[in-house]
Amino acid sequence: MTKIVNVVGARPNFMKIAPLHRAFQKKPQLESKIVHTGQHYDQKMSDIFFDQLGLPQPHYHLGVGGGSHTFQKANVMLKFEQVLKEEQPNIVLVVGDVNATAACSIVSVKMGIPTVHVEAGLRSEDRSMPEEINRILTDSICDHLFVTEHSGLINLAKEGIPSNRVSFVGNVMIDSLLHFRKKANQFAFSSIMNQPLNKPTDMHIASKEYILMTMHRPHNVDRKEGLQAILSIIANATVHKKVVFAIHPRTLNNFKKAGLWANLASIEGLILLPPQGYLQFLKLMDNATLIITDSGGIQEETTFLGVPCLTFRDTTERPITVELGTNFLMEDLNPETVRIQMEAILKGKAKKGIIPPFWDGQAADRIASIIVKKYGRLGGIIGEQINRSIQERSAA
Ligand code: UD1
C-alpha cells in the first residue's frame, strides 16, 4: 500500500481535501490519512466542515491554534515531525496556501518524503500577503505540483520548475462544489438566518435579492481605514439590496477593537451572520445577486456559479477568474469604485463569464491516478521485494 498523509489546517483546506480523500479511497493501492494542524479550531471554522463534507475525524489533531505566523508554523513543524516519524508515509499531500501548507511541506521534504502540492503555481505577485510567501516556499520544494489554471503553468515555468513535475488537473474545490451543490440548495434561507449577530429589522431574504459579503484579509481588516472602507461599502450596498455579511472571527474582533462594532451592527438592511457551514455558504453564494469579498476561493466558486464577484483586492493569484470568469478586482481599493461597479452589475451590466478548463468535478480523480502512476507501490511478495530494494537504494 502507498500511504498518503493529507494535511489540513484552516477553513479553505477542508473542501479541497474532502474530494481527494474520497478519490484516494477508491484506489485499492492507496491508504489515506488526515492530519489537522488546528490553525482553525472553532466549531464553525472547522468541525462543521468535517461533518458536512463527510470527512472522517482527523487521524491526528496537532491542536496548534492561533498566534503569530512564526508561532503557528514552528509548533506545527515540531508536532508534524513526530507524526511523520510514527506514520512513515510514502507521500505527504498539502493543499492551498495557508501556514500549514508551507510548514508541513518543509518538514516532510526535509525527511525525504515525496511531497505533493495541490493548487500550486498561483501567484499574486504581492509578497506582503502571507499566502504568497507560503505558495512560493511550498512550490519551490515539493516533488510534484498540481495546477488549477493556466497561469500556474506559466508561473512555475518562470520559476524554473521542470514541466515533468507539474500536472494541470483542474480544481478540487470545484469538485466539492459540484458534489454538494444540490444538497446545499435544500437548505431554507430561514434556517440559515436564524442566528444573526445584530438585530436586523427584516431577516427575510429571497433568491437573487441580496448581496453576500465576506472580508478577512489582514490588509483590509487589520487597519482602521480598511474597516471604515468596509462600512462605506455596506452602506452603499444596502441602498439597493439587503446585505448578508458572514463575518470571520478576525474581522469581528477587529471591528470590536477599533470601536466600530456598533457602527457596523446598526446599518439598516444588513444581516450579520457568524461564519457559515460549507453547505449554508454554498446556498448563500449560489443564490446571491452579487458577492463582495476579499477571499481567494470565493473568486473561483463565483466564477463556476456564474455569480458576479467584486474582489476588494488589487491583485489576484487566480487571474482566470477575471479573464474568463465573473470576477472584478478593485484596483485602487476605494469604496467608491465598488459602488460604481456594483451599480453597473445591478443594472444588468455584469459579464457572463465561462467555466475554466478542467473545472469539471474530476480533479481529485485525476490527481489520484497520477499519484498511483508516479508513486504507487507494487503489491504481492515480489512487489514488496522490489519496493524494499527501491527504499534501500534511496536510503543509501
Ligand atoms: C487563514 C489563512 C488565509 C485563509 C483564511 C480563511 C494563513 C496565512 N492565512 O487566515 O489564507 O484565507 O485562514 O479563514 O494561513 N480565529 C478564531 N477561530 C478560529 C480561527 C481563527 O477565533 O477557528 C481567530 C483568531 O483570533 C485568529 C484570527 O481569527 O488569531 C485569525 O486566524 P488565522 O488562522 O491566523 O488567520 P486567518 O485570517 O483565518
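**The ligand site and the nonpolar cores**

In this predicted model, a polar side-chain atom of His248 lies 2.9 Å from an oxygen atom of the ligand. Taken alone the ligand exposes 740 Å², and the protein buries 88% of that area. Two further polar contacts can be followed from the ligand outwards: a polar side-chain atom of Gln39 is found 3.0 Å from a ligand oxygen atom, while in the case of Asn99 it is a polar backbone atom that lies 2.9 Å from an oxygen atom of the ligand.

The shell around the ligand holds 20 residues, of which His40, Asp42, Glu131, His216 and Arg250 come nearest. Helices contribute to this shell as well, since at least two of its residues are supplied by each of α1 (11-25), α3 (69-87), α5 (130-141) and α11 (249-257).

Turning from the ligand to the packing of the protein, the largest nonpolar core comprises 60 residues, and within it Leu20, Leu93, Leu284 and Ile371 touch the most other members. This core lies between domain 1 (2-171 + 359-395) and domain 2 (179-349), because both domains give residues to it. Ile371 illustrates how one such member is surrounded: leaving aside its neighbours within four places in sequence, Ile371 is in contact with Ile4, Phe24, Leu30, Ile91, Leu93, Val116, Phe146 and Gly376. Leu93, one of these partners, is itself among the residues that touch the most other members of the core. Apart from this core lies another, made up of 31 residues that include Val243, Trp261, Phe312 and Met342.

Methods. Residues numbered from 1 in each chain as written. Predicted model: local features only at pLDDT ≥ 70, side-chain atom pairs only at ≥ 80, totals over all residues. Heavy atoms only, no water. Core = buried A, V, L, I, M, F, W, Y, C linked by side-chain atoms within 4.5 Å. Buried < 20%, exposed > 50% of the residue type's maximum accessible area, 1.4 Å probe, protein only. Domains from an automatic or database assignment. Contact = heavy atoms within 4.5 Å. Near = heavy atom within 4 Å. Polar contact = N/O pair within 3.5 Å; in protein donor to acceptor, adjacent residues only side chain to side chain. Areas by Shrake-Rupley, 256 points an atom, 1.4 Å probe, with all protein chains shown as cover. Helix = DSSP H or I, 4+ residues; strand = E, 2+ residues; numbered from the N terminus.
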